[in-house]
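The paragraphs below lead through one protein model, from its enclosed spaces to its cores and then to some details of its backbone. Please keep the sequence and the structure in view while reading.

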Amino acid sequence: MRRLFPVTDETAAPGASSGTSGDGRGGPGSGGGGDGGGREWSLAELAAAYAYPAAAATGAGPGAGGRDREPWLRANMVSSLDGAAQHEGRSQPLSCPADMRIFGTLRALADVVLVGAETVRQEGYRPARARAEFAAAREAAGQGPAAAVAVVSASLDLDFSLPLFTSPLVPTLVLTGSAAPPDRVAAAEAAGARVVTAGEGAGVDPERAVRALAERGHTRLLTEGGPRLLGQLVAAGMLDELCLTVAPMLTAGDAQRIAGGPSVTLPRRFTLKSMLEEDGFLFTRYARA
């Protein structure tokens, strides 16, 4: 893996190492060793490259818990060259080993993973797992052993017998509206999930959902979609950052884009923060301008 942006003297120099973090500072592997194009970055290097911004803190020290931080919502999505977010209903065919390493790192940095109900059904979601490589860093940041998963669902049409609900390391949250079917709320709670009301009527209000998660100490937020949920978050102006993997593939067909649903009045400008490359895949990181 190599860093394409930000461009520094190390990036531009012939034979420079790519073992630097995505914020432009020298990382654990910087200095020597070729251009790094064929070297697999360590998890520590990836964690440094994708660290949540310090600006998300509200005067708290690095070991403070989530309640001392302003919420920061990042999305992690993958797209083909022709804009498809999925192939035959799933994102996995567009992925690669480096993408999965970044996927795992982003989960390990987050307090909570926000995901839509359809994505849970299509992708066969399982609970986030604790990883020994990140245990010390999570403890120092005041985080639990693994990220919680928060499922957004109006109907609660979910299989509550799945491990995501019955045996997570951290209890799964279900975000729904005040008019959710009472029997489905009861089923979710009986399975061990924690139901959070985050909207009036049947739907979930994105701003209220982020606020409800922050009130529970989940301020390092990560959403993995799907496209409908991401579209709602974008339209509501709640997205702070997008980590987008661009796969060197063409799919054609009528697959969804990474964000769908309601449109915004004016396109929102995001700023490129970093770009990594491996095997033709681009790993971009954009933040709210």
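A cavity, on a 1 Å grid over the protein atoms alone, is a set of points where a 1.4 Å probe fits but cannot get out, and its lining residues are those with an atom within 4 Å of a point. The volume of a cavity is the space filled by probe spheres set on the points, which are joined across faces, edges and corners. The model is predicted, so that local features need pLDDT of at least 70 and side-chain atom pairs count only at pLDDT 80 or more, while totals for chains, interfaces and linings use all residues. Residues are numbered from 1 along each chain as its sequence is written, and side-chain values use heavy atoms, with hydrogens and water left out.

The structure holds 2 cavities of 30 Å³ or more, and the largest of them encloses about 40 Å³ of space. Its lining is formed by Leu 114, Val 152, Val 204, Pro 206, Ala 209, Leu 229, Gln 232 and Leu 233. Helices and strands here are DSSP runs numbered from the N terminus (H or I, at least four residues, for helices; E, at least two, for strands). Helix H8 (206-215) and helix H9 (227-235) each supply at least two residues of this lining, and the largest share, 3 residues, comes from H9. With Ala, Val, Leu, Ile, Met, Phe, Trp, Tyr, Cys and Pro counted as nonpolar, Asp, Glu, Lys and Arg as charged, and the others, Gly among them, as polar, the lining of the largest cavity divides into 7 nonpolar, 1 polar and no charged residues. The second largest cavity has a volume of about 40 Å³, and its lining has 10 nonpolar, 1 polar and no charged residues, including Pro 127, Ala 148, Leu 164 and Thr 172.

The protein chain as a whole has 9 helices and 10 strands. Of its 289 residues, 47% are buried, where buried means under 20% relative accessible area, exposed over 50%, and partly exposed in between (1.4 Å probe, protein chains only). The largest nonpolar core, that is, a set of buried Ala, Val, Leu, Ile, Met, Phe, Trp, Tyr and Cys residues joined through side-chain atoms within 4.5 Å, has 30 residues, and those with the most contacts inside it are Met 1, Tyr 50, Ile 102 and Phe 283. Among the elements that give two or more residues to this core are helix H3 (97-109) and strand S10 (281-288), and H3 gives the most, with 5 residues. Another core, of 28 residues, lies apart from it, and Leu 73, Ala 148, Ala 198 and Leu 239 are among its members.

The loop between strand S4 (148-152) and helix H6 (163-166) contains Phe 160, which counts as buried because its relative accessibility is 9%. Contact means heavy atoms within 4.5 Å, and, leaving aside neighbours within four places in sequence, Phe 160 is in contact with residues including Phe 165, Arg 184 and Ala 191. Phe 160 and Ala 191 are 31 residues apart in sequence, yet 6.0 Å apart in space, C-alpha to C-alpha. Leu 156 is found in the loop between S4 and H6; although not a glycine, Leu 156 has a positive phi of about 60 degrees.

Is Leu 156 buried or exposed? Leu 156 is buried, with a relative accessible area of 0%. Ala 252, in the loop between S8 and strand S9 (270-278), has a positive phi of about 55 degrees although it is not a glycine, but Ala 252 counts as exposed at 55% relative accessibility. The peptide bond from Phe 5 to Pro 6 is cis, with omega near 0 degrees.

Notes: On a 1 Å grid over the protein atoms alone, a cavity is a set of points where a 1.4 Å probe fits but cannot get out, and a pocket is an open set with protein on both sides within 12 Å along at least five of seven lines; lining residues have an atom within 4 Å of a point.
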